[in-house]
Structures are given as C-alpha cells and as structure tokens.
Amino acid sequence: MTQIQVVGPSDGQTTKDMTGIRADRYLIDSAASGGGFSLVEQVIDARVLAAPVHRHSREDEYNFVLEGRMGVLLGDEEVFADAGTLVYMPRHQWHTYWNAGDTQLRVLAIIAPGGLEELFRKLAEPGGEYDEETLPALAAQYGCELDFAATMPIAERHQLIF
C-alpha cells in the first residue's frame, strides 16, 4: 500500500540541465506512485526551447502552467498557454514546448504512467552532454523519438535558445 506523501516547497530532488537554463524538481517519482505517474516541476528560463520535437510511445503528458507563458507545438498546431492553463500532450503526438515569455516559466508536468522522469535525470548527470548524434539513442531507451529537422525552424521562428 502506498503511504500518504507530503512534498513541501523545498522538498524533492532538483536537477539542472548542463546549460543551467532548465531545472527540474521531482515531486513524485514513478516508484512513489506505484508506476502510475510522476510529477515534476520544471523551471525554464526566458525564450528557451525545453526539448527537441519529440513523441512518447508510453506516456501522456499534462503540463499545468504555474507561472509565465508557454508555447507549445502539438502536431502542426502552435498554441500558447498562460498561468492557470493545462496543456495535454497525448502519447504518439509530436510535440515540444518553450518559454514564450521574457520571465521564467514554471510548469507542473504530470507524466502518466511514470518513468520518463528518469530520462530528465539522465540528461542532467555530469557528462550528460548529448547532441543530435547521441540523444536519439538515449531517448529511444525511454520510448521516445526525436525530430531535430522539425526543431530548428521553431527555435528560429520564435528566437529561442536551444
């Protein structure tokens, strides 16, 4: 039986990517939820693309915008979400997201079932500097596909750091 868990504002492991422009705070891991989901707070600097265009084969992703403005590519459609908005990114759907504002973006990511948060941790490990050649193989271990050809036009169109 899973026990009640209380996660305070300074609890949870926090990792930063190698550039320091994105931080993830792991509030509930897959293991703590019996595999059902993971809950990750993501903080992304202004005008930063969070990830290459990708799709998950195993998970649905729900992003609740806590602070800032989030730009999202869902298939061929771009949408923008302000604080208080929930964005649903279903499995098998090509997507990416970015900080579309000039202040930090804070998003609460609910990933169901859990497990994909381990990829985020892997990317933040020392020596975890991946590129277009090495990242696809790592992502594939977590059931993800990447599309770098579709990524760069988004970064250029919105003048994003990636």
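These legends accompany close-up views of a predicted model.

**View 1. The largest nonpolar core and methionine 89.** Welcome to the interior: this core holds 13 residues, and those with the most contacts inside it are Ile44, Met70, Val72, Met89, Tyr97 and Leu105. Strand 6 (69-74), strand 8 (86-89) and strand 10 (105-112) each contribute at least two of its residues. Take a moment with methionine 89, which, neighbours within four places in sequence aside, touches Asp60, Glu61, Asn63, Met70, Val72, Leu74, His95 and Tyr97.

**View 2. A second, separate core.** Twelve residues make up this core, among them Tyr26, Phe120, Leu138 and Phe148.

**View 3. Strand 2 and its pairing with strand 3.** Strand 2 spans residues 22-28, and seven of its seven residues are buried, so the rest of the structure largely encloses it. Strands 2 and 3 run antiparallel and are joined by six bridges. To find your place along the pair, look for isoleucine 28, which sits opposite leucine 39 of strand 3.

**View 4. A buried salt bridge and its network.** Here the side chains of glutamate 41 and arginine 25 form a salt bridge at 2.9 Å, N to O. Glutamate 41 belongs to strand 3 and arginine 25 to strand 2, so this pair ties together parts 16 residues apart in sequence. Both glutamate 41 and arginine 25 are buried. Salt bridges with shared partners link Arg25, Glu41, Glu67 and Arg106 into one network.

**View 5. Two salt bridges between parts far apart in sequence: 92 residues in one case and 90 in the other.** Aspartate 29 meets arginine 121 in a salt bridge of 2.9 Å, N to O. Because aspartate 29 is in the loop between strand 2 and strand 3 while arginine 121 is in helix 1, the pair connects parts 92 residues apart in sequence. Aspartate 29 is partly exposed at 22% relative accessibility, whereas arginine 121 is buried at 15%. The other bridge, also 2.9 Å from N to O, joins arginine 55 and glutamate 145. Arginine 55 lies in strand 4 and glutamate 145 in strand 11 (residues 144-147), so parts 90 residues apart in sequence are tied together. Arginine 55 is partly exposed, with a relative accessible area of 25%, and glutamate 145 is partly exposed too, with 41%.

**View 6. Backbone details in three loops.** The peptide bond from alanine 112 to proline 113 is cis, with omega near -10°; proline 113 falls in the loop between strand 10 and helix 1 (117-124). Arginine 47, though not a glycine, has a positive phi of about 60°, and its loop runs between strand 3 (38-44) and strand 4 (53-56). Histidine 92 is not a glycine either, yet its phi is positive at about 70°. Histidine 92 sits in the loop between strand 8 and strand 9 (95-99) and is exposed, with a relative accessible area of 53%.

Key:
Residues are numbered from 1 along each chain as its sequence is written. This is a predicted model: local features need pLDDT of at least 70, side-chain atom pairs count only at pLDDT 80 or more; totals for chains, interfaces and linings use all residues. Side-chain values use heavy atoms; hydrogens and water are left out. A nonpolar core is a set of buried Ala, Val, Leu, Ile, Met, Phe, Trp, Tyr and Cys residues joined through side-chain atoms within 4.5 Å. Buried means under 20% relative accessible area, exposed over 50%, partly exposed in between (1.4 Å probe, protein chains only). Helices (H or I, at least four residues) and strands (E, at least two) are DSSP runs, numbered from the N terminus. Contact means heavy atoms within 4.5 Å. Two strands pair if DSSP finds at least two bridges between them. A salt bridge is a side-chain nitrogen of Lys or Arg within 4 Å of a carboxyl oxygen of Asp or Glu.
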